[in-house]
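I opened my notebook to look up a few spots in this structure. Come along and keep the 3D view beside you.

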Amino acid sequence: MAPAAAATEVEVDAWAARDTSGHLSPFTFSRRATGPGDVKFKILFCGVCHSDLHQIHNDWGNSIYPMVPGHEMVGEVTEVGSEVKAFKVGEIVGVGCLVNSCQTCDPCTQHLEQYCGKKVWTYTDKDYDGTITQGGYSTIMVCRQEFVLKMPTNLPLDAAAPLLCAGITVYSPMKHFQMDVAGKHFGVVGLGGLGHMAVKFGKAFGMTVTVFSTSPSKEKEARELLGADRFIASKDPEQMKAAAGSIDYIIDTVSAAHPLDLYLSTLKLDGKLVMVGIPEKPLSIHAFSLTSARRYVGGSGIGGIKETQEMLDFCGEHNITCLIEKIPISYINTAMERLGKSDVKYRFVIDIANSLKSED
Amino acid sequence: MAPAAAAAATEVEVTAWAAKDTSGHLAPFTFSRRATGPGDVKFKVLFCGVCHSDLHQIHNDWGGSLYPMVPGHEIVGEVTEVGSEVRAFKVGEIVGVGCMVNSCQTCDPCTRHLEQYCLKKVIWTYSDKDYDGTPTQGGYSTIMVCKQEFVLKIPTNLPLDAAAPLLCAGITVYSPMKHFQMDVPGKHFGVVGLGGLGHMAVKFGKAFGMTVTVFSTSPAKEKEAREVLGADHFIVSKDPEQMKAAAGSIDYIIDTVSASHPLDPYLSTLKLDGKLVLVGIPEKPLSIHAFSLTAARRFVGGSGIGGIKETQEMLDFCGEHNITCIIEKIPISYINTAMERLGKTDVKYRFVIDIGNSLKSEN
């Protein structure tokens, strides 16, 4: 058995970071042979997530090098294992942040694989067989079918790729915490990859949307391109005060430290604020911000596979994709620098197929 | 009509104990309450609970105190007069008044029976100014006059002294337990702090059919937590090993502690989709790592007292399930000592003033 598997391992061209400098450069590695439950696909596009920037620099302390980042990958199926029924060759599929989980624990059976105690991340993790996982800045992906998603055929693939992380990361809490009621007033803190998707979903759910941003220059695009109804410069105390008690729910996408009490005061009675960004330093909240109007602060991380598929289908029906800047792989280091300065509207997407050539 | 003269003629003189300044020292005091209006209920006060808020207010800890101040918002008594428009209450009935005596009655929260969140202004039972400018005075007094919308019926089968603290301590934990759906039989419920609020949360937790864990900094409280209150587990929160062993085991937590304390250790005991609700209000900001929330989709909420409708529901629930508070009954003359002991949390678990027998009206 082993020799047959070794014979059909696939050589993959990629770009990887070798160390905490985060500098990415060409790299070759092998992925496993397509197992009975696996789907293999040729990668066409891969989104650049802010997490990729953190991971290549080992900001979170668990980076494994060499590291091929990328967990917003979209491509065309080239081979399926014998037990795979749901996918076929030629189909357009995607893989997001997870490639494995135990499939039997309580979160897994609730389709919340991201909360499995034994989940495996798409890159910089160790799979159950000891293999280091490598992500989508590469030409070919092999993934078990349970973690492969169908991309809606009507969506432009490059603009759909970031749905696999940025999209689901805001969609999941908006559904779970019932921040999706038409006519309600929805607020978004931060206007980056996550934030702009929250605005789009907010409008799609029929809500009035307010964007909070520290950058007044983002107002024009927030209103004209994304459809935001209101824009509040969060550093302006007058504007924040005027918004007191006007908002039903807030999704907070900001991963830098910031004062929550200010945003909580804009929430109505029974208002909810959900964090999807993860500031490193602790947040500071006055209990009174919560008790005075029965509000709550929650947190959420990505989404399970089932709900990711639901989100993709919703996006297909409503023609929702991300605003992107498409780049060749050769631009990736510059893109990472710009991403560090939030200089992107609103996601870089690597045109893998046209810029990362497989040697096969 | 000469309404002013008529009103003045039937104002009622009330004997009370009040704090005169931020020293918080309470002493005898006399004042007038309004004549019983068409929508009012007047009652002779029998018992009044001593809430930790009373301690804060007499010392102006929250900055809004109005003196002279008659504290007390866990008031139980017997109706002596009802106004002409009052249908729901009658003379001789046992009633109670809690933390509120008025609200606008028309805003969204009021119409949803959440008067404590009134958008215009909720009027607190004491140390506040009513819409007509009168300072409100609380239940450390012989007589209460209150508009009927804020009067509650006390279940006749409950001992009145032990029922009085339900009007604040009881509803303050009952309301969020119902609202945040922390009342599902079989679930695992945690209570942080074992004082007036905490002991009621344990009682309600058991009444709702849940497994109850008490978190306390005082190992000495374990015996009573288990034997008297029925707690299933007791965790000394300062013991990192015990806290670690509890990781991911609890569905919901009510946190009653009003001193500063770190929330992350409690959050880590919550399961996926766990909820922690604050009912104590620490003055200093709380510190929470976002990761404590995002790692298991948990939330931290807050809640304050409860609306009148749900307070009545809670009282009725307590009547059906025979739930009251564990109290230490005291005469009014003991109140200053009681306040000192309360400051050191030296009470199991609420002082209740026997107004009927110790505070004599001069009428």
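I call two residues in contact when their heavy atoms lie within 4.5 Å. I also note that this model is predicted.

**Entry: a cysteine in chain B**

I looked up B:Cys107 and found it in the loop between strand 6 (100-102) and helix 3 (108-111) of chain B. Which residues does B:Cys107 touch, leaving aside its neighbours within four places in sequence? I found B:Cys118 and B:Leu119. B:Leu119 is 12 residues away along the chain, and its C-alpha atom is 6.3 Å from that of B:Cys107. Is B:Cys107 buried or exposed? Its relative accessible area is 12%, so I wrote down buried, as the cut-off for that word is under 20%.

**Entry: two helices in chain A**

Next I turned to helix 5 (residues 166-176) and helix 6 (residues 193-204) of chain A, whose axes come within 8 Å and cross at roughly 50 degrees. Helix 5 and helix 6 of chain A are therefore oblique to each other. I noted their crossing as right-handed. Which residues meet there? From helix 5 of chain A I listed several, among them A:Ala166, A:Val170 and A:Met174. Their partners in helix 6 of chain A include A:Leu194, A:Met197 and A:Phe201. I sorted the residues of this contact into 8 nonpolar, 4 polar and no charged.

**Entry: cis peptide bonds**

I found a cis bond between A:Tyr65 and A:Pro66, with omega about -5 degrees. A:Pro66 sits in the loop between helix 2 (50-56) and strand 4 (73-80) of chain A. In chain B, I saw that the bond from B:Tyr67 to B:Pro68 is cis, with omega near -5 degrees. B:Pro68 belongs to the loop between helix 2 (52-58) and strand 4 (75-82) of chain B.

**Entry: positive phi angles**

A:Asp270 is not a glycine, yet I read a positive phi of about 65 degrees for it. I located A:Asp270 in strand 14 (residues 267-275) of chain A, and it is buried at 17% relative accessible area. B:Ser127 also has a positive phi, near 60 degrees. I placed B:Ser127 in the loop between strand 7 (123-124) and strand 8 (143-147) of chain B, and it counts as buried at 9% relative accessibility.

**Entry: the UniProt record**

For chain A, I read in UniProt (unreviewed entry) the feature "domain: Enoyl reductase (ER)" at residues 22-350. Over that stretch I noted 25% helix and 27% strand, with the end C-alpha atoms 17 Å apart.

Note on methods:
Residues are numbered from 1 along each chain as its sequence is written. Chains are lettered from A and ligands numbered from 1 in the order in which they are written. This is a predicted model: local features need pLDDT of at least 70, side-chain atom pairs count only at pLDDT 80 or more; totals for chains, interfaces and linings use all residues. Side-chain values use heavy atoms; hydrogens and water are left out. Axes are lines fitted to C-alpha atoms, for helices over the stretch in contact, and angles run from 0 to 180 degrees between N-to-C directions. Helices (H or I, at least four residues) and strands (E, at least two) are DSSP runs, numbered from the N terminus. Angles under 35 degrees count as roughly parallel, over 145 as roughly antiparallel, 65 to 115 as roughly perpendicular and the rest as oblique. A crossing is left-handed if the near helix is turned anticlockwise from the far one by less than a right angle, and right-handed if clockwise. Ala, Val, Leu, Ile, Met, Phe, Trp, Tyr, Cys and Pro count as nonpolar, Asp, Glu, Lys and Arg as charged, and the others, Gly among them, as polar. UniProt positions are given in the numbering used here, feature names are shortened, and annotations may be inferred rather than shown by experiment. Buried means under 20% relative accessible area, exposed over 50%, partly exposed in between (1.4 Å probe, protein chains only).
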